Amino acid sequence: MPKDSGIGASSKRREDVRFLTGNGNYTDDINLHGQAHAAFARSNVANGTIDSIDVSAAAEMPGVLAIFTGEDFVEVGGNPAGWYIESRDGTPMKEPKRPVLAHGKVRHVGDAYAAVIAETNAQARDAVEKIEAQITELPAVANTVAAVADGAGLVHDEIETNICFDWGWIEDNRAATDAAIKAAPHVTTLELVNNRLVPNALEPRASLADYNAGSDEYTLYTTSQNPHLTRLLVCAFVMGIPENKLTVIAPDVGGGFGSKIYHYGEEALVLAAAKKLCRPVKWTADRTESFLTDAHGRDHVTTIELATETDGTFIAFRTSTLANVGAYLSNFSTATPTYLHGTLMAGNYTVPHVYVNLKAVFTNTAPVDAYRGAGRPEATFSIERIVDKCAHELGIDPIALRRKNFVKPDQYPFTSAAGLEYDSGNYDGVMDVMEGMADMSGFAARRAESEARGMLRGLGVNSYIEACGLAPSNLAGALGARVGLYDSATVRVNATGNISVMVGVHSHGQGHETAFPQVVAEMLGIDENLIDLVHGDTSKIPFGMGTYGSRSIAVGGAAVVRATEKIINKAKKIAAHMMETSEADIDFKDGAFSVAGTDKSVAFGEVAFKAYVPHDFPHEELEPGLEETAFYDPANFTYPSGAYACEVEVDPETGKVSIERFCAADDFGNIINPMIVDGQVHGGLAQGIGQALLEHGVYDDNGQLLSGSFMDYAMPRADDLPFYAVDNSCYTPCTHNPLGVKGCGEAGAIGSPPTVVNAVIDALRSGGSNVTHIDMPMSPSRVWTAMNS
Amino acid sequence: MYEFDFVKPGTVADALSALSTEDAQALGGGQTLIPTLKQRLAAPLKLVSLSGIAELQGVTDNGDGSLGIGGATTHAAVAANAGAYPALADLAGHIGDPAVRNRGTIGGSLANNDPAACYPAAVLGSGATISTNNRDIAADDFFDGLFGTTLEEGEIITSVRFPVPQAASYQKFLQPASRFALVGVFVAKYADGVRVAVTGASEDGVFRWTEAEEALNKEFRTDALIDLNIAPQNMIADLHGTKEYRAHLVKVMTKRAIEAAS
Ligand SMILES: Cc1cc2nc3c(=O)[nH]c(=O)nc-3n(C[C@H](O)[C@H](O)[C@H](O)COP(=O)(O)OP(=O)(O)OC[C@H]3O[C@@H](n4cnc5c(N)ncnc54)[C@H](O)[C@@H]3O)c2cc1C
């Protein structure tokens, strides 16, 4: 019998009621008395010097209240990178300042160099058009590869290079890896591009700042995945506001996918404007601004080599990658291509040698940062593409080749050649599940049927491992993180027995408001509907590092468990007092405290009430109240893994790919809400398939974003996607967090791109083509061109 | 959006007089014009909505083997009511999404002449006649390059007359993002000859593939195309397809249109 509440139940997503009935409360829905509006003047060239900005005509426009330029923010700090990376030669990464508004130079199309505050949004926009900026256009550094070529122009003159850092992982393993590859009997090589993606959250970024001159306090409502981090960055780095004077509220947020992790200049601008005018100031991006200024994702150019024995035993992976970081370092932009990518480059395999070289490259494009999967999709794509190519070269079945090199269940904990300690997994077991779901033996018949209709059919597989639950603070700190990566929770039991759970992670589509109460309900043996989740408000929550990297349940959920354990301990004390026995004699089960060996019992609700009506408490021994806080710092990453299969049909006349079947078997450890987990996988698969077939952020040589609207940036739509088969029945609980959970938010987007490409290559091969690789997105034109060249 | 006045006249005559003032512009379904306004790429002082003019609405059987479609008839109305010309109804039923079809109009689509739009292929492929408030324009004389037409300033498309062919089909290969035509081919077979019109492909906008027409006039079968090819030079190259790819697709979609029409 499936459970109907608590851990393991597919409780319906309670937040959906408000989302689906139009009762969500998004930043742009909030309107404060006296609110003014901000609009930005943005560069339409990718690279240029700002010679002068004349705002006099704009200032005369109706409704204009204030105008800001980069000059106004010279004294305040820059928006920093959150992770320090050292180059192979020991030199620090280059960190050019990222100002609130561009000053001296504009560095990408969309770079804001001035802002107008006016009574209405339309007036602000009208006035922006009257700002006269003399900007001398310079040649753009728009292409990652060209940016590192001799003679390339510079994005930041003062650092004298476009290379932010040149990182080796693990540098000490380089020589051994080189030697192993040199001596290997077989080496497969592949050059590939991990295509640039634009996140395109349905809700554009928006920020509304309020300032109270009486108390010198600010409130910032903003579209954020982690309001505490935004507060920290604004206060400690950019604006110098005392942290206790700024409340950051991230109300309902309509999708983030990474792009709303970061602090952006618009947030600082509305705060400064609110203070200057003593009025609330709002800005909401339009879709063009979203395309031009949200942090983009991926954008790697990689050469990968896989050295093997002739029997397919893996000897070494070696990669050389250029990672585009755009014009400025966004907050996680240095961590994503390094510690979330290079460390995963051993995959699910016992390969003894791994060496990763990665150069982060500045270009005159929008900043690039973590996007659903963040580094792990790039690692998985490189590995799983080359494993497929290698299988073909060696004439070994691609599944057999993977199995041959899998870490086996008795090898955990397993330290990979890329330096991570995998705590648990069962890659063969998950592969078994996938093979069953995918009906491998029926493929030949399905292919024959497709061919009878003139179509090519291909089958592609993959196996992936990823790292979630960012991160043990001590490890992260040793590797250069400038923040800790724990999370916190407060469980507040009210006198009438209902409960508020305050968490530092943020829900913007993930279903936390349903899943987290399931955990507490399970532990307390009470109805989950008595429990509400509170998130997204720094004034209500102790602290938090927010939601990204599939960390919410693994880290935030663990903090909730710890806080709830403290509640149970305190409640036991109260129950013991109520039943005049010692705490050691109290059993807690199914929401009731009982005295062992007697029929005495009090319900959880009675204890809660007593905690707040402590008429007879012994004051020295028992404190009133029932509220507990816990901080949880994980001991390790969690390591979800999976095996995917995709079947495609390719129309040989047009190159059009259609996905016919998609099976995903994942090991997410224990599962809190199976329905939500399936939904997370579905969404991740849609994004991964979108990357594989459709999505592409493309800049031309002048640094203009060619795919800057939905007319040219192809988002996946329902009819681009198949009905998925997903399964997570083969699971190995995480060994080091209290729930045994691993995280499921990104897996679909990590595992699916190589699966789709492998399937398309298989289809083309079946039609006699010798194509070995097609870069994503595999648009009809690209597939056709590959088939015909 | 900039500020503008809005009027919704009930007759063509009133619309014309409203349009005669400076920087006035006709508004059909607004599916192209409103996004343009929102992006501040146009600044008309007055929008003259054509949607309240009864004489511009609807599909009529002219009784002479042709259909008349009012200039402000929505794509959805054509899809529902042009059953006498199935290929045309089918084309209209696959423009954009339901919201676009419920607002967008044939007159707006033709006046806009987007190089990837569907209706221009139907009009040119059918040898239709475009009627305006002061003249009739043959399809062959109407389209004038990318986004260009021979309409005069302030001239309104009042109706379009489509001769109904013996057989026809429109085959659209979707541009993956916009789902306009990456290449769309309209083939129509009339007693006096076959017409083949191609949209989405050429840097010069919608065009007739006359070599294919000649070959199909001899035999209306896909085999007739075997030795024909479109030169890639004048094809559009963009993110979604190379010149060679588009040239190739023209042939593939023409073949598919012939198969579907046969
Ligand atoms: C999401 C989306 C998808 C779409 N997909 C497709 C597609 O697949 N295929 C396709 O062909 N089109 C597509 N379109 C375009 C759609 O068909 C529009 O409706 C059409 O291009 C414009 O028609 P409209 O009535 O909305 O004109 P408007 O936007 O109102 O006007 C467009 C222009 O025509 C002028 N105009 C309007 N009516 C007349 C008239 N009667 N006489 C003279 N001038 C006039 C206006 O002044 C303006 O210059 C799509 C649009 C959208 C938004």
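1. A quick definition before we start: the domain bounds used here come from an automatic or database domain assignment. Keep in mind as well that this is a predicted model. For chain B, the assignment gives domain 1 (5-49), domain 2 (61-163) and domain 3 (167-261). Take the C-alpha atoms of domain 1 of chain B and those of domain 3 of chain B, find the two centres, and you get a separation of 34 Å.

2. Now chain A. How is chain A divided into domains? Domain 1 is written in pieces (18-138 + 202-255 + 260-293), and so is domain 2 (300-471 + 636-787), while domain 3 covers 486-632. The C-alpha centres of domain 1 of chain A and domain 2 of chain A are 35 Å apart. Their contact takes 32 residues from domain 1 of chain A and 30 residues from domain 2 of chain A.

3. Let's stay with those two domains. People often describe the size of an interface by the accessible area that is lost when the parts come together. Between domain 1 of chain A and domain 2 of chain A, about 2500 Å² is buried, and carbon and sulfur atoms carry 62% of it. Three names to look up on the domain 1 side are A:Trp83, A:Tyr262 and A:Phe291: they supply 29% of the area that domain 1 of chain A buries against domain 2 of chain A, more than any other three residues.

4. What about charges and polar groups at this domain boundary? The salt bridge count between domain 1 of chain A and domain 2 of chain A is zero. There are, however, 11 residue pairs in polar contact across that interface, with both residues at pLDDT 80 or more. On the domain 1 side, α6 (227-239) and α8 (287-293) of chain A each supply at least two residues that touch domain 2 of chain A. Helix α8 of chain A gives the most to that side, with three residues. By class, the domain 1 side has 17 nonpolar, six polar and nine charged residues.

5. Next, the place where the two chains meet. Here 21 residues of chain B are in contact with 24 residues of chain A. The area buried between chain B and chain A is about 1900 Å², with 52% from carbon and sulfur atoms. Have a look at B:Arg40, B:Arg179 and B:Leu239, which lose the most area to chain A and together make up 30% of what the chain B side buries.

6. How many salt bridges cross the interface of chain B and chain A? The rule finds seven. For an example to click on, try the side chains of A:Glu129 and B:Arg40, which meet in a salt bridge at 3.0 Å, N to O. The interface of chain B and chain A also has 17 residue pairs in polar contact, both residues at pLDDT 80 or more. Helix α10 (residues 243-261) of chain B gives the most to the side of chain B that touches chain A, with eight residues. Sorted by class, that side of chain B comes out as 10 nonpolar, six polar and five charged residues.

7. Time to zoom in on single residues, starting with B:Arg195. This arginine sits in strand β11 (residues 193-199) of chain B. Is B:Arg195 buried or exposed? B:Arg195 counts as buried because its relative accessible area is 15%, and the cut-off for buried is under 20%. Its side chain is joined to that of B:Asp140 by a polar contact of 3.1 Å. Beyond its neighbours within four places in sequence, B:Arg195 is in contact with several residues, including B:Leu124, B:Phe186, B:Arg208 and B:Glu213. B:Gly127 is among those contacts too: it is 68 residues away from B:Arg195 along the chain, yet the two C-alpha atoms are separated by 7.8 Å.

8. A:Glu746 lies in the loop between β28 (724-727) and α18 (747-766) of chain A. With a relative accessible area of 6%, A:Glu746 is buried. A polar atom of the A:Glu746 side chain lies 2.8 Å from the backbone nitrogen of A:Gly373. Leaving aside neighbours within four places in sequence, the contacts of A:Glu746 include A:Arg372, A:Arg376, A:Glu466 and A:Ser550.

9. Last one: A:Ile249, found in strand β11 (residues 246-249) of chain A. A:Ile249 counts as buried because its relative accessibility is 17%. Among its contacts past the neighbours within four places in sequence are A:Thr219, A:Tyr221 and A:Asp537. How far is A:Ile249 from A:Tyr349 in space? The two are 43 Å apart, C-alpha to C-alpha, and 100 residues apart in sequence.

Terms used: Residues numbered from 1 in each chain as written. Chains lettered and ligands numbered in written order. Predicted model: local features only at pLDDT ≥ 70, side-chain atom pairs only at ≥ 80, totals over all residues. Heavy atoms only, no water. Contact = heavy atoms within 4.5 Å. Buried area = accessible area lost by both parts, 1.4 Å probe. Salt bridge = Lys/Arg side-chain N within 4 Å of Asp/Glu carboxyl O. Polar contact = N/O pair within 3.5 Å; in protein donor to acceptor, adjacent residues only side chain to side chain. Helix = DSSP H or I, 4+ residues; strand = E, 2+ residues; numbered from the N terminus. Nonpolar A, V, L, I, M, F, W, Y, C, P; charged D, E, K, R; others polar. Buried < 20%, exposed > 50% of the residue type's maximum accessible area, 1.4 Å probe, protein only.
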